[in-house]
Amino acid sequence: MDAAGEIENQLIKLQDISGFLEEGSLDDNLLRLAEKTAKILEAQHCSIMLLNDGESENPSMKVCASYGPLPIAAYKESVHKGEGISGYVVATGKSLLIDDISKSRFANQARRAKDPHKSLLCSPIRINARIAGVVNVTECGSGKSFKPDDLNLLDAVALFIGKSIQTIQLQNLLNSRFAQMALIQETQKNIGRSLESILHNPDQIAKIMAKSFYKEMTRTGFGSSQIINVASDIIAQLNAHLQRHSKRIGREGKEYQEKPSA
């Protein structure tokens, strides 16, 4: 395929993700974005990792969504800036194409050393001026190594993922009157602090809402035991969601282990 044909092919692929409609929870949307990214790059695996901005001194990053089988241990690992491939990309802000991981500086960090697919891509996810995480793509569908054009395509997709994350967060805030009031009260309390600066930090928003929720419950007369019951119910719902997610990961991991090696 000539250069013009290759560009046209990439634009066609990008049309698929440009029609992505952000709706529902952030977790569900990230899963859908991981799947779409893998299909656009014609890859078997894709993972999206996001930084926890609540850790201001040395924020860590975890896998938030993936497509294709991924070791369960990968979901439990925290990666800091400068650590491994993803940490390197976050620290430098530069995307990375590795032709053969076994011959790269990251050889000792390969998850599947015996896997015949050695090539991978990693691009930073940006929300405005800050890096919010990375998107990783592995196992090229053709069985060959990824090319520079593939990295350029992933860079474009990573920009879209960043904008999608921001849009989903803002939509959810706009749909919640409680969230609106909590943020307005925060900006009024801290003169000179703009609402825009807060909106770009989801971990900070969560803390503001938690404080506001607690104050509202105590103001309306709820006692300590009732507030604890509400907090316990929130945790229970979160655990139920994580268990469903873990079961799905477990099924994919089992399918991957049973898959005959090439």
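Modeller: Two strands pair if DSSP finds at least two bridges between them. Helices (H or I, at least four residues) and strands (E, at least two) are DSSP runs, numbered from the N terminus. What you're looking at is a predicted model, where local features need pLDDT of at least 70, side-chain atom pairs count only at pLDDT 80 or more, and totals for chains, interfaces and linings use all residues. Residues are numbered from 1 along each chain as its sequence is written, and side-chain values use heavy atoms, with hydrogens and water left out.

Colleague: OK, how many bridges join strand 1 to strand 2?

Modeller: Strand 1 takes in residues 43-51 and strand 2 residues 60-67, and the two run antiparallel. Met 49 has Val 63 as its bridge partner in strand 2, and Leu 51 stands opposite Met 61. The number of bridges joining these two strands is six.

Colleague: And which residue in strand 3 is the bridge partner of Met 61?

Modeller: Strand 3 spans residues 79-80, and its pairing with strand 2 is antiparallel, over two bridges. In strand 3, Met 61 has as its bridge partner Val 79.

Colleague: In what order do the six strands sit in the open sheet?

Modeller: Strands of a sheet pair through backbone hydrogen bonds, either parallel or antiparallel. In this open sheet the pairing is antiparallel, and the order is 3-2-1-6-5-4.

Colleague: Which strands have one side left without a neighbour in the sheet?

Modeller: Look for strands with a single partner strand, because those stand at the edges. The two that do so are strand 3 and strand 4.

Colleague: What is the distance between the end C-alpha atoms of helix 2?

Modeller: Helix 2 has 15 residues, 26-40. The expected span is 1.5 Å times one less than the number of residues, so it should come to 21 Å. The model agrees, with the end C-alpha atoms apart by 21 Å.

Colleague: Which residue just after helix 2 takes a positive phi?

Modeller: Helix 2 has buried residues (under 20% relative accessible area; exposed is over 50%, partly exposed in between; 1.4 Å probe, protein chains only), including Leu 30, Leu 33 and Thr 37. Just past the helix, phi is about 55° at Glu 42.

Colleague: Which element supplies the largest share of the largest nonpolar core?

Modeller: A nonpolar core is a set of buried Ala, Val, Leu, Ile, Met, Phe, Trp, Tyr and Cys residues joined through side-chain atoms within 4.5 Å. The largest one has 26 residues, and Leu 41, Ile 48, Val 135, Val 137 and Ile 161 have the most contacts inside it. Helix 2, strand 1, strand 5, strand 6 and helix 5 (148-174) each bring at least two residues. The largest share, seven residues, comes from helix 5.

Colleague: Which residue follows helix 4 with a positive phi?

Modeller: Helix 4 (residues 84-92) buries Gly 84, Ile 85, Ser 86, Gly 87, Val 89 and Val 90. Those buried residues pack against elements including strand 1, strand 2 and strand 3. After the helix, phi is near 75° at Gly 93.

Colleague: Last one: which element has the lowest mean pLDDT?

Modeller: pLDDT is the predictor's confidence in each residue, from 0 to 100, and the protein's mean is 76, with 63% of residues at 70 or more. Strand 5 has the highest mean among the elements, 94. Where pLDDT is low, the predicted coordinates should not be read in detail. The lowest mean, 54, belongs to helix 7.

Methods
Contact means heavy atoms within 4.5 Å.
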